[in-house]
Amino acid sequence: MNTQEVLLRFDPLDSLFFRDGRPYTQGESEQVGVTSQFPPTPATLVGAVRAAVARSLGWAGHGAWSDDIKQVLGDGGSLGSLRFRGPVLVRGGDMLFPAPANLMRTEAGTRTALLRPGPERDCDLGPAIRLPVLPDDARGEGWKQAYTAWLTGHSLQAVLGAEPPKPDALIDQEHLWSHEARVGIMRNAKTRTTDEGALYSPQHVRLQSTVGLGLWAGGLPQNTIDRLAQASHPLGGESRSTWITQVHNSPPWPAMPQTLHQHGNELRYSVIVLSPLPLMEPLLPNQSVPGLPGSLVSASLPRPIMLGGWDSLKRRPIALKPHLPRGSVLFMRTKAPDESAVRALHGTCVGECPAWGYGLIVIGTWS
């Protein structure tokens with residue numbers, strides 16, 4: 001049985017909708033302009049894959065899985081032998097990654113630069129804190145963070161080596177997807193009438209024709225993967241349809257730098273988060289980070305996001321938990337002998353629920 005890791009691609013047949021942690025229930029007071037979360041959480045794609053495989057193995061789409069299906073897919077929150085990483089965007093033959101939070105560009109878009117840990121200073125976070133700063137040759141211009149940009153693997157590889165990508169290498173999300181307003185109303189099937197609070201207006205996401213979602217899957221038999229392409233499958237809210245196919249010539253991962261900077265016996269490495277990373281405990285300067293060798297020097301972080309999900313067995317929401325969003329950057333230091341352990345983390349998932357694809361990271365360097 002061939003159960004190697006493969007890259008699965010999701011190509012929607014129409015717009016998509018992925019709800020976030022805000023209430024989206026009939027009768028709630030505010031159901032207008034509810035914007036779809038995008039990209040979706042790892043659990044959303046993992047759930048879609050497991051349901052699609054279960055249907056291909058004879059599941060009727062409702063009720064409990066048979067023991068034969070559970071041997072392949074696990075059961076509920078247990079994935080059994082399955083492992084996932086992602087998701088990322090796929091455009092043509094390229095993988096696209098979120099721009100790291102330390103990537104800056106000028107207001108005119110003509111220059112790029114990378115934030116790095118600055119000199120030690122005392123502040124409300126404590127003594128000897130190193131906040132991210134621009135390089136000396138980038139001072140005095142109007143800069144902004146490239147939050148809405150995406151990078152190819154080649155451009156991300158430059159960032160891992162502490163080199164900013166060229167300005168024209170940044171791909172703004174408006175060239176990858178757009179938001180599309182929809183209006184709907186809930187109708188009583190028996191009376192064919194509506195009630196107060198039945199009107200809703202979500203903001204769907206429509207991907208460009210060459211753009212899809214990618215998810216690495218390990219532990220699935222090859223003949224099961226092949227059957228996925230024989231039919232479309234529901235994905236996200238309102239059960240929008242998508243094709244799930246295997247990418248046979250998947251693009252390579254961005255490589256780690258050949259050399260990680262050292263200062264004496266201190267190894268300096270950076271961690272870029274590519275899929276939401278659960279915050280098991282607060283991040284504190286000069287303290288350890290679970291799963292990462294050494295201690296935290298500095299960080300460039302977007303605002304944490306609250307993610308939950310849906311328990312399909314108990315039919316109830318999963319409690320919201322804070323996560324580091326995609327693009328978060330941690331500047332770490334450790335002892336030089338830990339280099340092999342640091343390099344082993346490149347392209348892996350850390351933190352809680354790593355088998356589900358949460359906490360996907362890549363390793364770079366800083367100086």
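Here are some questions and answers about strands and salt bridges in this predicted model.

In this predicted model, local features need pLDDT of at least 70 and side-chain atom pairs count only at pLDDT 80 or more, while totals for chains, interfaces and linings use all residues. Residues are numbered from 1 along each chain as its sequence is written, and side-chain values use heavy atoms, leaving out hydrogens and water.

Me: Which strands are the edge strands of the open sheet in the order 20-23-22?
Reply: Strands here are DSSP runs (E, at least two residues), numbered from the N terminus. Two strands pair if DSSP finds at least two bridges between them, and in this sheet the pairing is antiparallel. An edge strand here pairs on one side only, and that picks out strand 20 (277-278) and strand 22 (305-311).

Me: Which residue in strand 23 stands opposite D311?
Reply: Strand 22 and strand 23 (residues 316-324) run antiparallel and are joined by six bridges. Opposite D311 stands R316.

Me: Is R240, which meets D14 in a salt bridge, buried or exposed?
Reply: A salt bridge puts a side-chain nitrogen of Lys or Arg within 4 Å of a carboxyl oxygen of Asp or Glu, and the D14 and R240 side chains meet at 2.8 Å, N to O. Buried means under 20% relative accessible area, exposed over 50%, and partly exposed in between (1.4 Å probe, protein chains only). D14 has 30% and is partly exposed. R240, at 13% relative accessibility, counts as buried.

Me: How many salt bridges does a search of the whole structure find?
Reply: One of them joins E352 to K321. A network of salt bridges also links D14, E180, R206 and R240. The search of the whole structure finds ten.

How values were computed:
Helix = DSSP H or I, 4+ residues; strand = E, 2+ residues; numbered from the N terminus.
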